[in-house]
Amino acid sequence: ELNGVSVVSIVLAVGLSVDYSVHIANAFLHVGCEDTEGYSGREQRAAFALWKMGPAVVNGGVSTFLAILPVAFAVSYVFKVFFRMFAMIIFFGQWFGVLVVPLLLSLVGPDQYLSAPDLNATPYQNP
């Protein structure tokens with residue numbers, strides 16, 4: 001049965017899980033665009049993305065866990081389930097964001113951009 005608590009939990013779970021991975025993937029894609037000359041291989045770019053964004057992602061996971069930690073001491077069954085669920089979401093989100101996604105990007109990630117796209121260029125117009 002789907003109720004309000006379940007829907008809110010699912011939305012938060014998806015948001016948290018995607019957030020950790022997207023930050024690492026975004027850092028991976030931007031390696032080589034500005035101040036990261038010399039990071040051309042996928043493995044080097046994945047390592048640099050972890051070096052640049054990894055601490056912030058881990059800090060986000062730790063602070064989120066600390067924010068829900070008081071819920072673990074609640075008497076209500078609903079709050080205990082909520083805590084267990086979010087603790088696992090944070091754990092698996094961190095696992096995939098910090099370990100699995102960089103590993104996959106180092107193996108099959110996209111090639112490096114040679115230059116950043118020109119945002120001031122005029123768009124193509126049909127004659």
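**Close-up views of a three-helix model**

**View 1. V18 and its surroundings on helix α1.** V18 is partly exposed, having a relative accessible area of 44% (buried is under 20%, exposed over 50%, and partly exposed in between, with a 1.4 Å probe and protein chains only). This is a predicted model, in which local features need pLDDT of at least 70 and side-chain atom pairs count only at pLDDT 80 or more, while totals for chains, interfaces and linings use all residues. Residues are numbered from 1 along each chain as its sequence is written, and side-chain values use heavy atoms, with hydrogens and water left out. V18 lies in helix α1, which covers residues 4-30, and it joins L2, V7, I10, V11, V14 and V22 in a nonpolar surface patch whose accessible area comes to about 630 Å² together (patch members have over 30% relative accessible area and no salt bridge, with nonpolar side chains joined within 5 Å and like charges within 9 Å; a salt bridge puts a Lys or Arg side-chain nitrogen within 4 Å of an Asp or Glu carboxyl oxygen).

**View 2. The overall fold.** Three helices and zero strands make up the secondary structure of the protein (DSSP runs of H or I with at least four residues, or of E with at least two, numbered from the N terminus), and along the sequence these elements follow the pattern α-α-α. Of the 127 residues, 26% count as buried.

**View 3. Helix α1 against helix α2.** The axes of α1 and α2 come within 7 Å and cross at roughly 150 degrees (axes are lines fitted to C-alpha atoms over the stretch in contact, with angles from 0 to 180 degrees between N-to-C directions). α1 is therefore roughly antiparallel to α2 (over 145 degrees, whereas under 35 is roughly parallel, 65 to 115 roughly perpendicular and the rest oblique). The crossing of α1 past α2 is right-handed (the near helix is turned clockwise from the far one by less than a right angle). L50, found in α2 (residues 42-68), is partly exposed at 27% relative accessibility, and its C-alpha atom is separated by 9.7 Å from that of H23, 27 residues apart along the chain.

**View 4. Helix α1 against helix α3.** Here α1 packs with α3 (residues 77-108) at an angle of about 20 degrees, the axes being 9 Å apart, which means that α1 is roughly parallel to α3. The crossing of α1 and α3 is right-handed. L12, which has its place in α1, is partly exposed with a relative accessible area of 40%, and the C-alpha atoms of L12 and I89, 77 residues apart along the chain, are separated by 9.4 Å.

Methods. Accessible areas come from the Shrake-Rupley method with a 1.4 Å probe; for residues, only the protein chains shown count as cover.
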